[in-house]
Amino acid sequence: MLSDNLTNCIYITSMLIDSETNVITPISRRPLLSVAATDALRAKIESAAWVPGARVPTEKDLSAQLNVSRATVREALTRLKHEGYIYSVQGKGAFVADQPGMNSFRVDQLLSENPIDSAHIFELRSLIEQNCAALAAERRTAADLREMKRAMKKIAGEQKNGGLGLEADIAFHRSIANATGNPILARFADFVGKHTREYLQVVRLSALKSAHRLDDIEREHGDIIDAIELRKPEAARKAVSRHLANGAPHPDLARVVI
Ligand SMILES: [Zn+2]
């Protein structure tokens, strides 16, 4: 379960770094070792304990400090390279990048490391999707509209079979973003939306089912489609804003999860 991993991840991460002294303490739990090691090293860079241009300690030193194998350290360093935090120089080792982390924007990391702030991600998602809906209301084709309606029917079908309609919901929101005709915007909206939706729906599985939220969601989706069909950008924007505000996590929810 995502929520278990989330809890483990938060637990491990909070054990690793003492924010006052910035000392890395050994990792004692087996699961997610390389993730935890990556988080620990990334935190050194983000807290500026390791500044841009500084040489990253050797695999051997990091292995001793973190109390993990060198293979785990290697894996963590590879991840940090992909994320743009560090780079290697042949024969000299690894160094902190000039603009660490600018290679990536990791929604999953923001959600899992600091669930209290997940409301901020939902705000970002809402701003993006409100604008997508407004543009879709101006630009949508008949085919776009058919796609939205098909996805909405699919959500109802999945829910009838006892599911949440998560995949179909993702497809519904994607169909709105696609109708903007801007493939980059559509991709970014899909990326942010997918992460927030998976997080939220797994965490709130039982709450969603018991609170009749599923019926509300269907009505809200209908309002969005109506506004887009009638080519009313402001109404579409408002309908998305309402829909996502109703689905966003209350800050207290994150505390319950932890
Ligand atoms: Zn939705």
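**Loop residues, a helix pair and overall make-up**

N67 is partly exposed, because 14 other C-beta atoms lie inside 10 Å of its own, a count that falls between the limit of 12 or fewer for an exposed residue and that of 20 or more for a buried one. The model in which N67 is described is a predicted one. N67 sits in the loop between α3 and α4. Its phi is positive, at about 60 degrees, although N67 is not a glycine. In general, most residues other than glycine have a negative phi.

A positive phi is also found at A48, where the angle is near 65 degrees and the residue is again not a glycine. A48 belongs to the loop between α2 and α3, the latter helix covering residues 59-66. A48 has 12 other C-beta atoms within 10 Å and is therefore exposed, since the class of exposed residues takes in counts of 12 or fewer.

Helix α2 (residues 33-46) and helix α4 (residues 70-82) form a pair whose axes come within 8 Å of each other. Two packed helices are described by the angle between their axes and the distance between the axes. For α2 and α4 the crossing angle is roughly 55 degrees. That angle makes α2 oblique to α4, because the oblique class holds the angles left over from the roughly parallel (under 35 degrees), roughly perpendicular (65 to 115) and roughly antiparallel (over 145) classes. The crossing of the two helices is right-handed. On the α2 side the contact is made by L33, S34, A37, T38, L41 and R42, and on the α4 side by T72, V73, E75, A76, R79 and L80. By type, the residues of this contact comprise six nonpolar, three polar and three charged.

Further along the chain, G157 lies in helix α7, which spans residues 142-160. G157 counts as exposed because it has 12 C-beta neighbours inside 10 Å. Between the C-alpha atoms of G157 and A168 the distance is 9.2 Å, and eleven residues separate the two positions along the chain.

Over the protein as a whole, the secondary structure consists of 13 helices and two strands. The protein has 258 residues, of which 34% are buried. Among contacts with a separation of 6 or more, 64% join residues that are 24 or more positions apart.

Conventions. Residues numbered from 1 in each chain as written. Predicted model: local features only at pLDDT ≥ 70, side-chain atom pairs only at ≥ 80, totals over all residues. Helix = DSSP H or I, 4+ residues; strand = E, 2+ residues; numbered from the N terminus. Axes fitted to C-alpha atoms, helices over the stretch in contact; angles between N-to-C directions. Left-handed = near helix turned anticlockwise from the far one by under 90°. Contact = placed C-beta atoms within 7 Å. Nonpolar A, V, L, I, M, F, W, Y, C, P; charged D, E, K, R; others polar.
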